[in-house]
Amino acid sequence: SHLVQFAKSAGVAFVAATASAGADHLKNLGGVDIIIDYTIQRWWEVQELLADPVDVIVVLAAEPENWVRACSSGAVKAGAKGGRFITTMPDTARPVVKSPLDVVKIVKPIVSHALYAKVAPHSAPSFVMPNCLVPAEPSPAPAPAADSSATTVKTASKSAGAKGSREARSSPHGETHIQELARRVGSGEVRAVVDKSGPFPLTAEGVARAFQLQASRHAHGKVVVTIGTA
């Protein structure tokens, strides 16, 4: 939900997001043009995206098939045309490291994706794995290719998308971004969406239920445990 809000505040004109059924938190935010129920349809099968390939897909869930489909479906522009695949996750949702070999297994697909994007820019989008995402300052739009469509930013929290004239960028100044986020939350510009199952009470049962929901990877918003009353 935060990614959708940042995309809109950055000036994008079109946002698509994937979520499971009943994702009312996205509907209530407003600004989402298409909500794709990934339990019955994949983003790479959506006709709107196939007809107008997106420039950027941001993936916040560990699903290796996202990269494969970004390279082969035609729903994302190739790197040569400005297409980018941005992810904050390795291919494994819950990596376990017990030996150096485990580290290699985690890093190998990341390196493989990046190399493939470099050697096949006409087939694959650019591969980016930043530390964080923040809205960038407005930048001049690149000159479109003869067969290009409108600038599109595709974001995904299990996928989300947008069109506009600004880009998402990464930056090493993490503390500055936290201050900026705090200011936006304080002003009401950015809203924290809480899963409707919570907030959970600070009891053994309540905390256990909160962790179970978080571990399911199907929370619709933030999982909150109430520590005390204000």
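Trainee: Which residue forms a salt bridge with Glu65, and how far apart are the closest N and O atoms?

Mentor: This is a predicted model, in which local features need pLDDT of at least 70, side-chain atom pairs count only at pLDDT 80 or more, and totals for chains, interfaces and linings use all residues. Residues are numbered from 1 along each chain as its sequence is written, and side-chain values use heavy atoms, with hydrogens and water left out. A salt bridge here means a side-chain nitrogen of Lys or Arg within 4 Å of a carboxyl oxygen of Asp or Glu. The partner of Glu65 is Arg69, and the closest N and O atoms are separated by 3.1 Å.

Trainee: In which helix do Glu65 and Arg69 lie?

Mentor: Helices (H or I, at least four residues) and strands (E, at least two) are DSSP runs, numbered from the N terminus. An α-helix has 3.6 residues a turn, so residues three or four places apart point the same way. Glu65 and Arg69 are four residues apart, which is about one turn, and both belong to helix 4.

Trainee: What is the relative accessible area of Glu65, and what is the relative accessibility of Arg69?

Mentor: A residue is called buried under 20% relative accessible area, exposed over 50%, and partly exposed in between, using a 1.4 Å probe and protein chains only. Both residues of this salt bridge fall in the middle class, since Glu65 is partly exposed at 35%, while Arg69 is partly exposed at 32%.

Trainee: Which strands stand at the edges of the sheet in the order 3-4-5?

Mentor: Strands pair if DSSP finds at least two bridges between them, and in this open sheet of three strands the pairing is parallel. Two of the strands have a single partner strand each, so one side of each is left without a neighbour in the sheet; these are strand 3 (56–59) and strand 5 (126–128).

Trainee: Which residue in strand 4 is the bridge partner of Val58?

Mentor: Strand 3 pairs with strand 4 (residues 84–87) in the parallel sense over four bridges. Following the residues along strand 3, Val56 is bridged to Arg84, and Val59 stands opposite Thr87. Between these pairs, the partner of Val58 in strand 4 is Ile86.

Trainee: Which residues of strand 3 point the other way from Val56 and Val58?

Mentor: The four side chains of this strand are split into two pairs by direction, although all of them are buried. Val56 and Val58 point one way, and the residues that point the other way are Ile57 and Val59.

Trainee: Which helix joins strand 3 and strand 4 in a β-α-β unit?

Mentor: A crossover is right-handed if, with the strands pointing away from the viewer, the path from the first strand over the helix to the second runs clockwise. The unit made with strand 3 and strand 4 is right-handed, and its helix is helix 4 (residues 65–72).

Trainee: Through which helix does the chain cross from strand 4 to strand 5?

Mentor: Strand 4 and strand 5 run parallel and are joined by three bridges, with Arg84 standing opposite Ser126 of strand 5. The β-α-β crossover between these strands is right-handed, and the chain makes it through helix 5.

Trainee: Which glutamate links Arg183 and Arg184 in a network of salt bridges?

Mentor: The whole structure holds four salt bridges, and two arginines share a partner in this network. Arg183, partly exposed at 45%, meets this partner at 4.0 Å, N to O, while Arg184, buried at 11%, has its closest N and O atoms 3.9 Å from the partner's. The shared residue, partly exposed at 38%, is Glu189.

Trainee: Where is Pro199 placed, and what is the peptide bond from Gly198 to Pro199, cis or trans?

Mentor: Pro199 is found in the loop between helix 6 (174–187) and strand 10 (200–201). The bond that leads from Gly198 to Pro199 has an omega near 0 degrees, and it is cis.

Trainee: How far apart in space are Ala13 and Val32, C-alpha to C-alpha?

Mentor: Ala13 lies in the loop between helix 1 and strand 1 (14–19), and at 58% relative accessibility it counts as exposed. Ala13 and Val32 are 19 residues apart in sequence, and their C-alpha atoms are separated in space by 9.8 Å.
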